[in-house]
Amino acid sequence: AGPAGMGKTLLAQLIAQAYNGGKSVASLYSERKFVQIDMVNYQDERAVDGFVDPSPGLQGTGLMSETFTREPRTVVLLDEIEKSHPSLLRYMLLPMLDNNGGHVQVKKTGQRISTRDAIFILTTNCFGDLINDVFHDAIEPEVSGLSEHTYDQLTSRVVALMRNNSIQCEDAHPQSRNPFASEPLWRRLRAGHSLANKHGMFLFLPPTEEEVDRLVELSLERFNRGLAGRELYYTRGALRWLQRRMNARFADGRENHGTVYAFIEQTLVPLMPPWSPATDSGQRVLLSVSKPLQELETAVLGNDMQGGLGSPACHDTGSSCHSPARGSLGSAASRADGGEAG
C-alpha cells in the first residue's frame, strides 16, 4: 500500500523474476508466469463473473481458471484492488488466497484448480494522502532513510487506518466505503506475509533525498541503455542539477518514483544533438551545465577521450565526464583538482 508511483508494480515484477529463476519481465509476461490485472476493469458486477470462471450457460473461460490451468506457478498482480466490485473480493478472491488450500473452481465441471503454488500481490493507492500525512507529520524521517523501528511504527498506524470502516478510501468502488475493513482478508494477508512481516502489508513511502538522488542515477543509466548507437556522458554538475530539481518536485508533493524517468526523458530528449545511425554510429554526447545560465546543455565529444586524456569539452567543465555504462573517464581538469568524480 502507498501513494501512486512508489514502486509497487516494480517490486511485483522483481518478485516474479526471483520466483522464476531470473527470467526477463518480457518473458514472464509472454509465458503467463506474471499476470498483471488492472482491477478498474472489474467495477461492473457483470464483468466480475468472468474473473474466476463464468457461470454455467455462459460462453468462454474465466481469467483465473485459464491462468492457473496454463501455469500453476503464476505471480498475479491485482493492481488497485480497491477499484473492483466488492463482490469480487468478498466472494471470489478470498477462496484463491486461502492458505490452507486456495483454489479456483471451474463452475461448468466442478473441477478445482489449486492456487497453492501461486503468488498473489494486491496493490492499493487507498489512503495515499493519509500515508503521506503520517510520514511527513507524525514522524520526522531520517535523511538517509527510515530505521526498521520507525518503519514498523508507521506500518502499524497505517494498518489501523485501513482496518477502520469509518475511514473511507478515496478511490474505492462506489459501493465499498473501505474494502480493507475485512477480518477474513487480513487473516489471509497475515498468513501470506508470515515469512516477511507481522502486518500483512508492505508500506510504500515517499523517498528520502538520498533515495531520490539514487533514482536519478538509475534513470540516467536506463536512458543511456536506450540510446542505440551512441552513449551519454555527464558531468557532476549536470547530475546534481537533475537531482536538485527532482528533490524539489518531491518536496512540493508533485512527483513520485514513477515519474523520475519521465522527467529525465522529457529533459534530455530535446537536448540530444542530431544523430544518424549511418554517419554517427558511436556518437558520444556530453551533458553539462552552462556557466552563464546554469541550464543543461549538450555537446558531441570528439575522439580524443582516449587513455584518460580528456577532451576540450570535459576540460571546460572542470569536472570529469561520467558515463552510466563506463563510469568516470576523467579529464585534465579533474586530475588537476584532485580527481573529482563525475
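Which residues make a nonpolar surface patch of about 300 Å²? That was my starting point today, and I kept in mind that this is a predicted model.

**Entry 1: the nonpolar patch**

I found that Leu10, Leu11, Leu14 and Ile15 make this patch. I picked out leucine 14 and looked up where it sits: it belongs to helix H1, which covers residues 8-19. Its relative accessibility is 46%, so I noted leucine 14 as partly exposed.

**Entry 2: the negative patch**

Next I turned to charge. Asp129, Asp133, Glu170 and Asp171 form a negative surface patch. I followed aspartate 171 along the chain and found it in the loop between helix H7 (148-162) and helix H8 (183-192). Aspartate 171 is partly exposed because its relative accessibility is 32%, and partly exposed runs between the cut-offs of 20% and 50%.

**Entry 3: a salt bridge between distant parts**

Then I looked at salt bridges, and the count came to nine. I began with lysine 33 and glutamate 71, whose side chains meet at 3.1 Å, N to O. This pair links distant parts of the chain, with the two residues 38 apart. I located lysine 33 in the loop between helix H2 (25-30) and strand S1 (34-38). Glutamate 71 lies in the loop between helix H4 (63-70) and strand S2 (75-79).

Are these two partners buried or exposed? Buried means under 20% relative accessible area. Lysine 33 has 14% relative accessibility, so it counts as buried. Glutamate 71 also has 14%, so I wrote it down as buried too.

**Entry 4: two more salt bridges**

I moved on to arginine 190 and glutamate 183, which form a salt bridge at 2.9 Å, N to O. Arginine 190 has a relative accessible area of 29%, so it is partly exposed. Glutamate 183, at 37% relative accessibility, is partly exposed as well.

After that I checked glutamate 221 and arginine 214, another salt bridge, where the closest N and O atoms are 3.9 Å apart. Glutamate 221 counts as partly exposed because its relative accessibility is 25%. Arginine 214 is partly exposed too, with a relative accessible area of 40%.

Which residues do salt bridges with shared partners join into one network? I found Arg163, Glu183 and Arg190 joined in this way.

**Entry 5: looking back**

For my own revision, I put two pictures side by side. Lysine 33 is buried and so is its partner glutamate 71, whereas arginine 190 and glutamate 183 are partly exposed.

Technical notes:
Residues numbered from 1 in each chain as written. Predicted model: local features only at pLDDT ≥ 70, side-chain atom pairs only at ≥ 80, totals over all residues. Heavy atoms only, no water. Patch = residues over 30% accessible without salt bridge, like charges linked within 9 Å, V, L, I, M, F, W, Y side chains within 5 Å. Areas by Shrake-Rupley, 256 points an atom, 1.4 Å probe, with all protein chains shown as cover. Salt bridge = Lys/Arg side-chain N within 4 Å of Asp/Glu carboxyl O. Lys, Arg positive; Asp, Glu negative; His and termini not counted. Charge placed at Lys NZ, Arg CZ, Asp CG, Glu CD. Helix = DSSP H or I, 4+ residues; strand = E, 2+ residues; numbered from the N terminus. Buried < 20%, exposed > 50% of the residue type's maximum accessible area, 1.4 Å probe, protein only.
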